[in-house]
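Dear colleague,

I am passing on a structure that you may want to look at before reading any further. Please open it alongside this message, since the notes below refer to it throughout.

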Amino acid sequence: MAKKKPKNTGSTICLNKKAKHEYSIEEKFEAGLALTGWEVKSLRDGRAQLVDSYVVLKNDEAWLVGAHFTPLISACTHVVADPRRDRKLLLHRRQIDKLSAAVQAKGYTCVALALYWKQGRVKCEIALVKGKKLHDKRAAEKEKDWDRQKQRVMAAH
């Protein structure tokens with residue numbers, strides 16, 4: 001008998017670690033997500049990926065594009081599931097205006113950083129980011145290694 005994967009007991013569903021490496025994060029926002037029933041069930045099982053996802057602002061609405069929610073075979077028998085469909089982000093008008101102004105005028109990009117549960121609802125953490133240059137990535141990697149070494153020295157003493 002195959003071992004079952006342990007259930008996700010924390011509130012975090014998935015993270016976009018690639019975004020934290022590729023971009024420098026300027027400002028974060030919390031957005032709700034408009035989902036269908038099978039998507040919620042697959043999120044409860046922890047079957048989501050944000051690797052190549054980003055946020056598009058069109059017609060005064062925010063959309064999560066490129067997120068992959070793997071459908072459960074048992075949950076969606078009568079529905080044709082599209083795992084990569086665009087999902088609407090639920091934000092206040094002021095937040096959408098702020099995001100669109102920053103993306104158009106200042107050259108920022110808007111990406112999804114994480115999906116998590118909050119009071120029984122799925123929330124998406126999105127951020128305004130700027131792309132890192134290669135030397136910035138190297139400096140961040142050096143700093144991470146240095147912090148790791150400091151932690152080892154502190155733990156040894």
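What follows is an account of the overall make-up, the sheet, the packing against it, the cores and the cysteines.

This is a predicted model, in which local features need pLDDT of at least 70 and side-chain atom pairs count only at pLDDT 80 or more, while totals for chains, interfaces and linings use all residues. Residues are numbered from 1 along each chain as its sequence is written, and side-chain values use heavy atoms, with hydrogens and water left out.

**Overall make-up**

The protein has 4 helices and 9 strands, where helices (H or I, at least four residues) and strands (E, at least two) are DSSP runs numbered from the N terminus. Read from the N terminus, the elements follow the order β-α-β-α-β-β-β-β-β-α-β-β-α. Of its 157 residues, 31% count as buried; buried means under 20% relative accessible area, exposed over 50%, and partly exposed in between, with a 1.4 Å probe and protein chains only. The accessible surface is about 10700 Å², and carbon and sulfur atoms hold 51% of that area, as computed by the Shrake-Rupley method with a 1.4 Å probe, where for residues only the protein chains shown count as cover. Taking contact to mean heavy atoms within 4.5 Å, 70% of the contacts between residues at least 6 apart in sequence join residues at least 24 apart.

**The sheet**

An open sheet is formed by 7 strands in the order β1-β8-β9-β2-β7-β5-β4, with antiparallel pairing; two strands pair if DSSP finds at least two bridges between them. Strands β1 and β4 (54-58) stand at the edges with a single partner strand each, so one side of each has no neighbour in the sheet. From one strand to the next the twist averages 40 degrees, with axes being lines fitted to C-alpha atoms, for helices over the stretch in contact, and angles running from 0 to 180 degrees between N-to-C directions.

Within this arrangement, β1 and β8 run antiparallel and are joined by 3 bridges, with Leu15 opposite Ala114 in β8. The antiparallel pairing of β8 and β9 extends over 9 bridges, and Lys118 has Arg121 of β9 as its bridge partner. The hairpin of these two strands has 2 residues between them, and Gln119 there takes a positive phi near 55 degrees. Elsewhere, β5 is joined by 3 bridges to the antiparallel strand β7 (residues 87-90), where Leu64 stands opposite Arg87.

Two helices can be placed relative to these strands. Helix α2 packs on the sheet, touching β1, β7, β8 and β9, and its direction makes about 75 degrees with that of β8. Helix α3 lies across β2, β4, β5, β8 and β9, running at about 150 degrees to β2.

**Cores and two residues**

The largest nonpolar core (a set of buried Ala, Val, Leu, Ile, Met, Phe, Trp, Tyr and Cys residues joined through side-chain atoms within 4.5 Å) has 28 residues, and those with the most contacts inside it are Leu33, Leu43, Phe69, Leu89, Leu115 and Ile126. The elements giving two or more residues to this core include β1 (12-15), α2 (37-44), α3 (93-105) and β8 (109-118). Apart from it lies another core of 5 residues, among them Ala19, Val111, Leu113 and Ala127.

Leu115 lies in strand β8, of whose 10 residues 8 are buried, so that the strand is largely enclosed by the rest of the structure. Leu115 itself counts as buried, at 0% relative accessibility, and, leaving aside neighbours within four places in sequence, its contacts include Leu33, Leu43, Phe69 and Cys124. Glu26, in strand β2, counts as partly exposed because its relative accessibility is 44%. The C-alpha atoms of Glu26 and Leu128 are separated by 5.6 Å, although the two residues are 102 apart along the chain.

**Cysteines**

A search of the whole structure finds 0 disulfides, a disulfide being a pair of cysteine sulfur atoms within 2.5 Å. For Cys110, which is buried with a relative accessible area of 3%, the closest cysteine sulfur is that of Cys124, at 8.8 Å, too far for a bond. Cys124 is buried as well, with a relative accessible area of 0%, and the cysteine sulfur closest to its own is in Cys14, at 8.2 Å, again too far for a bond.

With best regards
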